Every structure is written in structure tokens, then in C-alpha cells.
Amino acid sequence: MSQPLLTVKNVSHQFGDIVALKKVSISAKKGEFLTLLGESGSGKTTLLRIIAGLETPTEVDNINLSNQDITMFPADKRNCTTVFQSYALFPHMSVFKNIEYGLKIRKVDENKRKKRVEDALELVRLTGFGNRKPSELSGGQKQRVALARAIVTEPAVLLFDEPLGALDERLRVDMQVELKELHERLRMTFIYVTH
């Protein structure tokens, strides 16, 4: 039996008197598509934010990723990326620059960046959209750009915080199929939060 890629042991978190998480533990194997299902306000997003290093838990035994304890690591030192419901695209940047941003921060060579961005655009079916601005895209296209920006950095774990919530029902169903196909091609670990 293979070791989990990610384990979170006994995480608890409070916002003042409100208990968001109480002794929650999860694990995900390499290449797994793990879905966290729950009502609004049940702590799903809080758990994702803690895994990503965007929130410091009130208590936790440990968070382990790729056989390394990352409990005290800042967000930029964790090998995981989040795809948000709001897309979180930079409106002043082109699609290409949005996708390239994480690689630039990581100081990836310019030629490698260009190739990886072009590959990511092809993967999410947006070849030829690199020069457009986010304001020129549909909701589904913006979601694809956010997805391309997340996968281009090749994280160990990709975290999805209700990424399809802003889309209409038909587009949401189409994007769910595309996400499943993308997961099968990439064999990356996906943790997907939805209500």
C-alpha cells in the first residue's frame, strides 16, 4: 500500500468563539482526486487555506507533504496551489502573463516559461488566447486561465476552492468533465471542495 502524498493530522481552528474545524484529519495519495463535500460554513475552505499555508491553524499535530513536515512552512514554500472560485486573475495582465506569473516568481528561465505557458494553454484548450485580457474572456475561459496558472507551476497538490461556483449550471457540468479529463492526463493530486 502506497504512502499518502499529503496528510493532515488533527487540525482544529477557531475564529473567536466559532469552531470552524475540530480535530480533522485527511490524507490523499499521489494522483488521487479527493472531494470534500459539506454545507456552507462547515470548514472546507478553512481546511484548504490551512493546507495552502494561507491560514494558521489554532491547533494541528502536523501537515505532511511529500514526506516533509510543512506545518510551519509559509505559503510560498509549500508545493501546492489553489484555484479559487473568484479566478483571482490580474486584470491588467494578459492571459499569457497571468499564467506565467508563478513561473516568473520562481525565477524559471524565460524560454522554459514560454514553453510551459504554451503547453498549459493547449492543455486547457485556450491556444491563441495568450494576448487577451481577462475582461475579454467568458466565465468558463477565465476559469481555464486560473486552472492553467495553477498547473503550470507543477505543484504536488492542486487545491480547488469551489472553482465552478460562479459558472452557470451547463458550463459547470462541462467544466466538471474537463477537470476529470485533465486529472486523468496530469495524474496530479487534486483536492476539490464543494457544497
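**Exercise 1. Glu 178**

At 16% relative accessibility, Glu 178 counts as buried in this model, which is a predicted one. Find which helix holds Glu 178 and which residues Glu 178 touches beyond four places in sequence.

Solution.
1. Buried means under 20% relative accessible area, and Glu 178 has 16%, so Glu 178 falls in that class.
2. The helix that holds Glu 178 is α5.
3. With residues up to four places away in sequence set aside, Glu 178 touches Arg 125 and Arg 144.

**Exercise 2. The largest cavity**

State how many cavities of 30 Å³ or more the whole structure has, then describe the lining of the largest cavity.

Solution.
1. The search of the whole structure gives 3 cavities of 30 Å³ or more.
2. The volume of the largest cavity is about 70 Å³.
3. Its lining is made up of Leu 123, Val 124, Arg 125, Arg 144, Leu 147, Met 175, Glu 178, Leu 179, Leu 182 and Arg 185.
4. Two elements, α4 (139–151) and α5 (169–186), give two or more residues to this lining.
5. The largest share comes from α5, with 5 residues.
6. Sorted by class, the lining has 6 nonpolar and 4 charged residues, and no polar ones.
7. Glu 178, Arg 125 and Arg 144 are among the lining residues; these are also the residues of the contacts in Exercise 1.

**Exercise 3. The second largest cavity**

Give the volume of the second largest cavity and the classes of the residues that line it.

Solution.
1. The second largest cavity has a volume of about 40 Å³.
2. Val 83, Gln 143, Leu 147, Phe 160, Pro 163, Leu 164, Met 175 and Leu 179 form its lining.
3. At least two residues of this lining come from α4, and at least two from α5.
4. The classes are 7 nonpolar, 1 polar and no charged residues.

**Exercise 4. The largest pocket**

Find which element gives the most to the lining of the largest pocket.

Solution.
1. The largest pocket holds about 720 Å³ of space.
2. It is lined by 24 residues, and the closest to its centre are Ala 75, Cys 80, Thr 81, Thr 82 and Arg 106.
3. The elements that give two or more residues to the lining are β6 (80–84), α2 (95–105) and α4.
4. Of these, β6 gives the most, with 5 residues.
5. By class, the lining divides into 14 nonpolar, 5 polar and 5 charged residues.

**Exercise 5. The nonpolar cores**

Identify the residues with the most contacts inside the largest nonpolar core, and list the contacts of Phe 160 beyond four places in sequence.

Solution.
1. The largest nonpolar core has 31 residues, and Ile 99, Leu 147, Leu 158 and Phe 160 have the most contacts inside it.
2. Two or more residues of this core come from each of α2, α3 (110–123), α4, β7 (157–161), α5 and β8 (189–194).
3. The largest share, 6 residues, is that of α4.
4. Without its neighbours within four places in sequence, Phe 160 is in contact with Leu 48, Val 83, Leu 147, Leu 179, Phe 190, Ile 191, Tyr 192 and Val 193.
5. There is also a second, separate core of 23 residues, including Leu 5, Val 8, Ile 26 and Val 157.

**Exercise 6. Leu 186**

Decide whether Leu 186 is buried, partly exposed or exposed, and place it among its contacts.

Solution.
1. Leu 186 lies in helix α5.
2. Its relative accessible area is 29%, so Leu 186 is partly exposed.
3. Leaving out neighbours within four places in sequence, Leu 186 is in contact with Leu 123 and Ile 151.
4. Glu 154 is 32 residues from Leu 186 along the chain, and their C-alpha atoms are separated by 9.5 Å.

Technical notes. Residues are numbered from 1 along each chain as its sequence is written. This is a predicted model: local features need pLDDT of at least 70, side-chain atom pairs count only at pLDDT 80 or more; totals for chains, interfaces and linings use all residues. Side-chain values use heavy atoms; hydrogens and water are left out. On a 1 Å grid over the protein atoms alone, a cavity is a set of points where a 1.4 Å probe fits but cannot get out, and a pocket is an open set with protein on both sides within 12 Å along at least five of seven lines; lining residues have an atom within 4 Å of a point. Grid points are joined across faces, edges and corners, and a volume is the space filled by probe spheres set on the points. Helices (H or I, at least four residues) and strands (E, at least two) are DSSP runs, numbered from the N terminus. Ala, Val, Leu, Ile, Met, Phe, Trp, Tyr, Cys and Pro count as nonpolar, Asp, Glu, Lys and Arg as charged, and the others, Gly among them, as polar. A nonpolar core is a set of buried Ala, Val, Leu, Ile, Met, Phe, Trp, Tyr and Cys residues joined through side-chain atoms within 4.5 Å. Buried means under 20% relative accessible area, exposed over 50%, partly exposed in between (1.4 Å probe, protein chains only). Contact means heavy atoms within 4.5 Å.
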